[in-house]
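Q: Can we go through this structure together? I would like short answers, with the terms explained as they come up.

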Amino acid sequence: MKEKLIVAKEALKYVKDGMVVGLGSGSTAKLFIELLANKVKKQKLSIKCVPTSYDTEMFAIECGLDVVPLASVKKIDVAVDGADYVCREYVIKGGGGALAREKIVGYFADEFIIVVDSSKTRKSSKVPIEVLPFAYSTVMKELEKNKIPCSLRMSKRKLGPVVTDNGNFLLDASMEIENAKETEKWLNSIPGVFENGIFTKFSKILVGEGNRVEVLTQ
Ligand code: A5P
């Protein structure tokens, strides 16, 4: 928790008055959102926020932030988001199922800052893939044909599969990533894939290491 907090604090330094800020999803992003809401109140700043999930939207509204639709802004100045695994070349996101909106907001932002605690540098995670419900079985077959085992993500407190904020299903794929850019593109080229959780475009990764912040760039 402490490492998540120090990177959230560090990311706050990138937010200036008048900016449009992309709000990521997950527990680290939530710490950033709380800090941002306090800063906006204390310093009476004018900040518009574009959320990447319903969860973040509800939380940001609760915190008193000015939440606006993506279509209403000309640009996003800075987006801040967590991740499930990070290395210099790429990050994996989508543990919370919000990867599609996270990628849209992050890739559109002038500056895309990833904030993680040190545990996220150690163990790679499965790659979440958002698929059209109609195509989940064909995408699974295509992945399995390429020796990539995958499973359909199931809901915990509802029967059946997880349904994303976009009305899609999620697959979790166990795969080795050698060329992240190529793999990101290849996954999206499979008919029925809506978006995948390999992110290769970001500005920097802030990693909390004990009491300090390490900055990783590509
Ligand atoms: C949401 O879909 C994910 O991409 C999150 O950003 C990611 O799981 C990080 O979450 P935590 O900050 O809670 O670890």
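A: Helices (H or I, at least four residues) and strands (E, at least two) are DSSP runs, numbered from the N terminus. By that scheme, G96 is in the loop between β6 (91-92) and α4 (99-108).

Q: What kind of model is this, and how are residues numbered?
A: This is a predicted model, in which local features need pLDDT of at least 70 and side-chain atom pairs count only at pLDDT 80 or more, while totals for chains, interfaces and linings use all residues. Residues are numbered from 1 along each chain as its sequence is written, and side-chain values use heavy atoms, with hydrogens and water left out.

Q: Back to G96: buried or exposed?
A: G96 has a relative accessible area of 76%, so it counts as exposed. Buried means under 20% relative accessible area, exposed over 50%, and partly exposed in between (1.4 Å probe, protein chains only).

Q: How far is G96 from E142?
A: Their C-alpha atoms are separated by 24 Å, and the two residues are 46 apart along the chain.

Q: And D117 and K4, how far apart are those?
A: They are 113 residues apart along the chain, with 5.2 Å between their C-alpha atoms. D117 belongs to strand β7 (residues 109-117). Its relative accessible area is 9%, so D117 is buried.

Q: New topic. Which residues come nearest to the ligand?
A: There are 17 residues around the ligand, and S25, S27, T28, D84 and K120 come nearest. A residue is near a molecule or strand if one of its heavy atoms lies within 4 Å of it.

Q: What classes are in that shell?
A: Two nonpolar, nine polar and six charged residues. Here Ala, Val, Leu, Ile, Met, Phe, Trp, Tyr, Cys and Pro count as nonpolar, Asp, Glu, Lys and Arg as charged, and the others, Gly among them, as polar.

Q: Which atoms of S25, D81 and K93 are close to ligand oxygen?
A: For S25, a polar backbone atom is 2.8 Å from an oxygen atom of the ligand. For D81, a polar side-chain atom lies 3.4 Å from a ligand oxygen. For K93, an N or O atom in the side chain is 2.9 Å from an oxygen atom of the ligand.

Q: How much of the ligand does the protein bury?
A: The protein buries 90% of the 380 Å² that the ligand exposes when taken alone. Accessible areas come from the Shrake-Rupley method with a 1.4 Å probe; for residues, only the protein chains shown count as cover.

Q: Anything inside the protein, away from that topic? Where is N168?
A: N168 lies in the loop between β9 (150-152) and β10 (169-173). It is buried because its relative accessibility is 4%. A polar contact of 2.9 Å joins its side chain to that of E130. A polar contact is a pair of N or O atoms within 3.5 Å; within protein, one must be able to donate a hydrogen and the other to accept it, and residues adjacent in sequence count only if both atoms are side-chain atoms.

Q: What about L36, buried or exposed?
A: L36 has 0% relative accessibility, so it counts as buried. L36 is part of helix α2 (residues 27-43).

Q: Last one: what is odd about K44?
A: K44 has a positive phi of about 50° although it is not a glycine. It sits in the loop between α2 and β2 (48-51), and at 71% relative accessibility K44 counts as exposed.
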